[in-house]
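Work through the exercises below with the sequence and the structure open. Try each task before reading its solution.

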Amino acid sequence: MSQLNISNIVQLLRDDLSKVSSLSFELRSDHLQKVSKPLLKTLFQTLSKDIKIEDAQQTSLCDCLIEYMGYDRYTAVEATMCLFRLRDLSENLTSKLGDKVDALLDLQSSKADRYKIVKILSQLFTFDPILASEIFNKNAAFANLLANEVTLLSNEFESPSSETWKHLNNILMLFSNACVDEISRSLIASMYINLLLKCLRLDENDSHLQIKCYATTITVKMWRMIKPDILANNSQLLSLDSLSEISLSCLSKGMETSIECLSLLSTNIQIKNKLRNANTLDTLVELLKKKEHTKYGIISLLSSITIPNRVLKIKQRSVMTLKDSNSIDLIDIHTNGKLEASRLNDDIQKIRYVCKELIAKGFFSSYLVSIFKSLESSKGLIGECIKLMHNVVFPDIDPDADSRDQLNDDKKYYDLYIKEFTQIIRLLTAYLIGTSQNMKYSHETFITFADPNIEIGESDLESRSIAIKALTSPEISGNVNGIYGGHDLEFSLSPVPFIIEILIQHDIDIGMSNGKKATPFSTLKKQVFSSFDVYYAFIALAAIASIGHEQIKQTIFTLGFDSIMNTLHTNEEKLQFASLQLLNEICDLPLCVAKFFNWNTETDEYYQNFKVLTYLIQSTNYESQCLALQIFYATSRFEIVSEKLANNELFCKVLNSLFHNQNSDDALTYYALLVLSNILPLNKKLSDNKLSIFNESKSAILSHINSENEQIQEITNTMAHYLS
């Protein structure tokens, strides 16, 4: 755009402001919506980075935008967005804004002027909190204005007019926005707490409810800064329980302001449990339908009440967060004292109820798809959506639990579960693919960045890690055929490279990587994925591989085989077991077979892989023993493999030891017999094999002819003559 166009827009803005100021309140609202907002949108589009704006024009634009911020909040938001663009083009915008506010303070001569300044400063806190805080806390003219207006409003409580409530709303909105700044919170808590107490004592008729809602939100934001004597003297009124009841009452009336307050309160475990009910969920979903601008608050609130407290603590420890001195997490909502440790346990059943209800409502298909498709959705909103999806597919994290009450246990909703989980996977993988355009996957380096100079922000990496972890949910792995089985290869393959990022990054974190491999998380100086993340990643990959698509297996092998072997070399039994599950699904690939059996001497590289797998037959973990035998059975159906096994003294010795120590008719015996049945027939074909060692266990092996297990009996009969 040219200088002339900027000049024209400035003049249009001035003319429009002149028109707005002359209109009545009723006509003004319509004009702002139909004329002013489109004009501001045009300015927003014009303020691109490839233009230059003269200093005088910057000042004029700044003056106009500040004026617009003094009208309704929707126009103020448009003006604020333009200021964000203008800031990129101006070196001294803060100074210009400060000068404009000072000028307005000098010129104010009416109540309308004063409340216009209040609304402007309120909006400034969303654009430049540092400047706004300076004015709010240190500008004497504004301090006098505010103190006088608060005093007048307090005196009007006995016989209020409609103007009283309108002005009080504007003051409270300013206080709420100012709470973003700690110094401002402290000032409000010390100087204006009595006004807030009066607001909280109002009855709940419709004219008061919005005011009570604002007052409640402000009180929660600065709760830890309220003086102890005031808290003690108003213990019931200021209890978190009482504040949450006011917010819930406001929510039931559809007041969107309540959402912010409930989001703040929902960090407290007792409040979380209060919110986990059908009425609250129904109201939130209805608001999501009707109120476009409440999406972030509603999604973040749902995200908060669907994450177990224990998991939240794990996450907080893993991201090196600083303790928030204003936190209300550990406050007893009834007594205002510290919450006893015994009452910090979460109600997992209530969390699962919320998750189940969201799925039953078709929440993800109905609401999140449009959010992900919209170009107007912010990164913050997308991030909250990802957290919510993770929480719903991962309602608890406990790899040591004996059993899980899976969401799909209720068969009535099984088809809906499958539909919603499938949609969640589509949304997560689409997000990951969209944010991975600068990356190329390969075996050698795992990820290569097309442009190494493009940095990924820490908040983006957090969203990425949560999205990837959601794809490893045992709820998904346990229903892999229902979720992936009915879809094409592309859908089933799409999560695989991302899940493998967990394995590669874990290798890097524990020093098992070859030094050449990288992930998007390699630049972080902290561990992103825990051991149970790695465990679930292996299980998820094994589940997807079990569908049987050759390309899926090949991709897992190419990108993930090194991580499988690295894990088998560790002493972590649970991870060994999980990696063996994955290996068992891909071991029939010719290239995978070669990785274990393409060797001639014990010094060959692949012999080390073979040796590790052989020793796992003697693992102290029973399931790992069985899996190692299954892998040997699957691969020994290749003649070249069975010959290697028959000629290897170590393998024959380890396998034979099982028959010495194992007499029961269990799975381990069955798999051991299966492997033996594939190599015993080579006894007379090979001149220098090591199979004679099994004569030592002949009686133990043949005793299984009388097994009560028909499969064991059958396989023993089949090979009995090779031992006679």
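UniProt positions are given in the numbering used here, feature names are shortened, and annotations may be inferred rather than shown by experiment. This is a predicted model, in which local features need pLDDT of at least 70, side-chain atom pairs count only at pLDDT 80 or more, and totals for chains, interfaces and linings use all residues. Residues are numbered from 1 along each chain as its sequence is written, and side-chain values use heavy atoms, with hydrogens and water left out.

**Exercise 1.** Find the residues that UniProt lists for "domain: UNC-45/Cro1/She4 central", and state the helix and strand content over them.

Solution. Step 1: the UniProt record, an unreviewed entry, lists residues 78-221 under this name. Step 2: helices (H or I, at least four residues) and strands (E, at least two) are DSSP runs, numbered from the N terminus. Step 3: residues 78-221 are 83% helix and 0% strand. Step 4: the C-alpha atoms at the two ends of this stretch are 26 Å apart.

**Exercise 2.** Which residues of helix α10 (residues 182-191) are buried, and which helices do they pack against?

Solution. Step 1: buried means under 20% relative accessible area, exposed over 50%, and partly exposed in between (1.4 Å probe, protein chains only). Step 2: the buried residues of α10 are Ser 184, Arg 185, Leu 187, Ile 188 and Ala 189. Step 3: these buried residues pack against α6 (111-127), α7 (129-138), α9 (162-178), α11 (193-200) and α12 (206-221), where contact means heavy atoms within 4.5 Å. Step 4: Met 191 is also found in α10, but Met 191 counts as exposed because its relative accessible area is 51%.

**Exercise 3.** Which residues touch the most other members of the largest nonpolar core?

Solution. Step 1: a nonpolar core is a set of buried Ala, Val, Leu, Ile, Met, Phe, Trp, Tyr and Cys residues joined through side-chain atoms within 4.5 Å. Step 2: the largest core has 239 residues, and Leu 124, Phe 136, Phe 175, Phe 363, Leu 583 and Leu 655 touch the most other members. Step 3: helix α29 (residues 531-545) supplies the largest share of this core, twelve residues. Step 4: leaving aside neighbours within four places in sequence, the contacts of Leu 124 include Ile 66, Met 69, Leu 97 and Val 101.

**Exercise 4.** Compare the salt bridges Asp 55 to Lys 96 and Arg 464 to Glu 501 by the burial of their partners.

Solution. Step 1: side chains of opposite charge can pair when their charged atoms come close. Step 2: a salt bridge is a side-chain nitrogen of Lys or Arg within 4 Å of a carboxyl oxygen of Asp or Glu, and the whole structure has 24 of them. Step 3: Asp 55 and Lys 96 meet at 2.9 Å, N to O. This pair links helix α3 (residues 55-68) with helix α5 (residues 93-107). Step 4: Asp 55 is partly exposed because its relative accessible area is 44%, whereas Lys 96 is buried because its value is 9%. Step 5: in the pair of Arg 464 and Glu 501, the closest N and O atoms are 2.7 Å apart. Arg 464 lies in helix α24 (residues 458-471) and Glu 501 in helix α28 (residues 496-509), so the pair ties together parts 37 residues apart in sequence. Step 6: Arg 464 and Glu 501 are both buried.
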